[in-house]
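Dear colleague,

I am passing on the structure we spoke of, with some notes on its interior and its aromatic residues. Please look through it alongside the text below.

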Amino acid sequence: MVLLSLNKITLDFGDGFLFDEIDFTVKEGEKIALIGRNGSGKSTLLRMFAGEIVPDRGEIAVARGVSISALPQEIPSFNGESVFEVVASGFSDDGDAVATLFRDHKELHEQMDSNNLWEKYRRVEDIVETLKLSPAEQVSLLSAGAKRRVLLGRAIVSEPDILLLDEPTNHMDIESILRFEKLLNGFKNTVIMVSHDRMLVKNFARRIIDLDRGRLGSWECDYETFLVRKEAALQAESEEWRRFDKKLAEEEIWIRHGIKARRTRNEGRVKALLKMRDQRSMRRELKGNVKFDAQEAHNSGRLVAEIEHIHFGYQKDNPIVRDFSATIMRGDRVGIVGGNGAGKSTLLNIILGNIQPDSGTIRMGTNLEIAYFDQTRDALDEEKSVMENIVMGEGSDTVVINGKSKHVYGYLQDFLFSPVRSRCKVKVLSGGEKNRLLMARLFTLPFNLLVLDEPTNDLDVETLELLEELLLNYSGTLLLVSHDREFLNNVVTSVIAMEGDGIINEYVGGYSDWEKDKKKREIPKVRKEEKAVKKKTDSQPRKLTYKEERELEELPRKIEKLEQEQQAIFQQMGDPGFYKKGKEQIAPVKDRMDAVKAELEVMYERWQTLEEVKALRES
């Protein structure tokens with residue numbers, strides 16, 4: 001069933017068509033990723049789906065009775081509303097009534113059941129619990145990542161027919177992203193999502209909509225298949241344009257060949273030439289890519305940093321770092337991960353000597369030249385122009401890159417800033433543009449220790465991949481804070497994980513290696529907790545909570561689903577041709593097999609525990 005359709009939609013923002021007669025249909029149950037370069041119009045298109053923007057021409061049709069809910073990219077301001085109240089407001093008709101029940105703690109079951117308020121109340125409770133939020137907490141006091149989780153809860157609570165998500169994981173830590181993925185996987189209705197998180201898109205999307213130069217391309221496949229097909233399509237387009245341009249050049253020579261030729265020329269051929277000129281003038285070329293070119297300084301000493309038994313906390317009873325030791329050597333690529341507020345940026349500043357630890361020692365290596373990308377963008381002067389933030393001397397219009405002088409306009413064009421945009425004040429730039437400018441500023445100086453604190457926020461996929469390529473070719477030392485799982489996997493060789501209560505551990509490999517190791521450690525922990533629950537129920541039988549009853553009802557279905565997936569993977573791996581495939585195809589299947597096995601072990605244990613609690617109560 002078609003829920004929403006666009007017919008010949010055109011939108012002109014004054015400097016060219018943002019959308020040029022695009023057609024688009026959305027069907028029931030689809031999981032769609034909307035991708036495209038920064039500034040291509042993805043957020044605008046989502047707002048058009050939501051009815052917030054009207055096109056210049058064309059028609060948008062929404063099927064009768066279809067509900068649409070949206071998670072915006074920008075976080076609105078809040079007053080004194082609680083988490084529960086904001087999430088409940090997702091029920092546009094009954095939100096106030098559900099929130100009143102929460103505020104007044106009323107138990108009016110008959111009244112609630114008469115208009116499904118009790119069911120909606122429970123739905124809000126479940127969403128808040130799943131997103132690990134405190135229902136009574138004021139939203140205005142939360143971090144940016146927690147606010148996005150609240151807004152996500154508001155968007156999803158009413159189970160709309162179409163859910164629109166614009167960069168839903170911005171500012172979220174990895175744990176929150178994983179919770180969001182779980183919530184998204186359980187959502188049965190249609191989802192259209194804009195995201196630069198490639199791992200999220202890979203795990204979620206079954207259809208890719210590519211917004212490219214004002215046109216929409218629809219690809220009925222997963223993200224990785226799309227990348228292969230898109231590259232082939234671009235190559236075919238390039239070859240077609242090459243042939244067209246060659247033919248146009250030949251016709252231009254013919255039309256200018258001489259007086260005799262002009263008198264006898266074929267009028268149809270002239271008209272064809274004029275048409276070709278029009279076609280060529282209307283062509284929308286691919287935008288260039290950012291050209292990252294890092295200036296590497298002379299090698300640092302072999303030792304970069306020796307950290308011994310450091311301890312630090314802004315409050316005595318709440319340490320951020322507890323007895324942490326590590327050695328960072330030249331050429332190491334270290335990723336630092338942890339939840340929002342865990343202290344990742346603080347740890348960076350302790351390592352760099354900007355913050356002194358309460359105890360312990362840090363010995364820095366020799367010949368270090370440090371470049372620091374700060375996620376707060378404090379290095380940028382918002383009131384100065386883009387160009388003025390790059391050139392250091394008064395009245396200067398050049399920068400020196402790898403020993404060669406280059407005009408600042410030419411340098412900034414490598415980072416996709418036109419001369420006009422280079423003269424704009426920084427305060428008018430988008431988040432992605434500010435990050436590109438910060439990198440442009442960073443790379444004007446030589447360095448052998450590169451420190452990047454959340455560099456991937458707001459960058460489009462193409463720019464992310466180019467940054468990855470630069471880092472892979474960089475021979476110096478890297479310290480990277482990021483919540484982008486794919487970026488961590490592709491760039492770092494070890495992970496420092498801030499795991500709560502000041503505990504910090506080191507792991508070899510990227511994000512996936514750390515995640516796999518963490519799951520292995522969590523299984524014994526879960527078993528220990530379940531044994532404690534069992535011991536408690538042996539001495540004092542208790543009743544299952546409402547949430548546990550629902551969990552017990554759902555567990556057999558979840559286990560069956562995982563067992564079916566496990567059997568399918570067994571069959572796939574049992575195929576004689578499976579191990580003839582490349583490593584990049586075999587490894588993900590094996591990883592998923594390990595993950596399924598670990599999940600099943602936890603679920604079996606949980607099911608047994610809940611059944612025992614239930615049986616003890618009934619006996």
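**Aromatic residues, cores and cavities**

Trp219, Tyr223 and Phe226 come together as one aromatic cluster; please bear in mind that this is a predicted model. Across the whole structure, the search finds nine aromatic pairs. In one of them, Phe24 and Phe49, the ring centres lie 5.4 Å apart and the planes meet at 15°, so the pair counts as stacked. This pair links distant parts of the chain, since Phe24 belongs to strand 2 (residues 17–27) and Phe49 to helix 1 (residues 42–49), 25 residues apart. Both rings belong to buried residues, Phe24 having a relative accessible area of 6% and Phe49 one of 3%.

Turning to the nonpolar interior, the largest core has 46 residues, and within it Leu165 and Ile208 have the most contacts. Helix 6 (residues 144–156) supplies the largest share of this core, namely six residues. If neighbours within four places in sequence are set aside, Leu165 is in contact with residues including Leu46, Leu71, Leu152, Phe180 and Leu184, as well as with the run Val191, Ile192, Met193 and Val194. Another core, of 45 residues, lies apart from the largest one, and includes Phe373, Tyr411, Leu437 and Leu488.

As for enclosed space, there are three cavities of 30 Å³ or more, and the largest holds about 40 Å³. The largest cavity is lined by Glu296, Ala297, Asn299, Ser300, Arg330, Asn448, Ser475 and Gly476, a lining made up of one nonpolar, five polar and two charged residues.

With best wishes

Terms used:
Residues numbered from 1 in each chain as written. Predicted model: local features only at pLDDT ≥ 70, side-chain atom pairs only at ≥ 80, totals over all residues. Heavy atoms only, no water. Core = buried A, V, L, I, M, F, W, Y, C linked by side-chain atoms within 4.5 Å. Buried < 20%, exposed > 50% of the residue type's maximum accessible area, 1.4 Å probe, protein only. Helix = DSSP H or I, 4+ residues; strand = E, 2+ residues; numbered from the N terminus. Contact = heavy atoms within 4.5 Å. 1 Å grid on protein atoms, 1.4 Å probe; cavity = no way out; pocket = protein on both sides within 12 Å on 5 of 7 lines; lining within 4 Å. Points joined across faces, edges and corners; volume = space filled by probe spheres on them. Nonpolar A, V, L, I, M, F, W, Y, C, P; charged D, E, K, R; others polar. Phe/Tyr/Trp six-rings, centres within 6.5 Å; stacked < 30°, edge-to-face > 60°.
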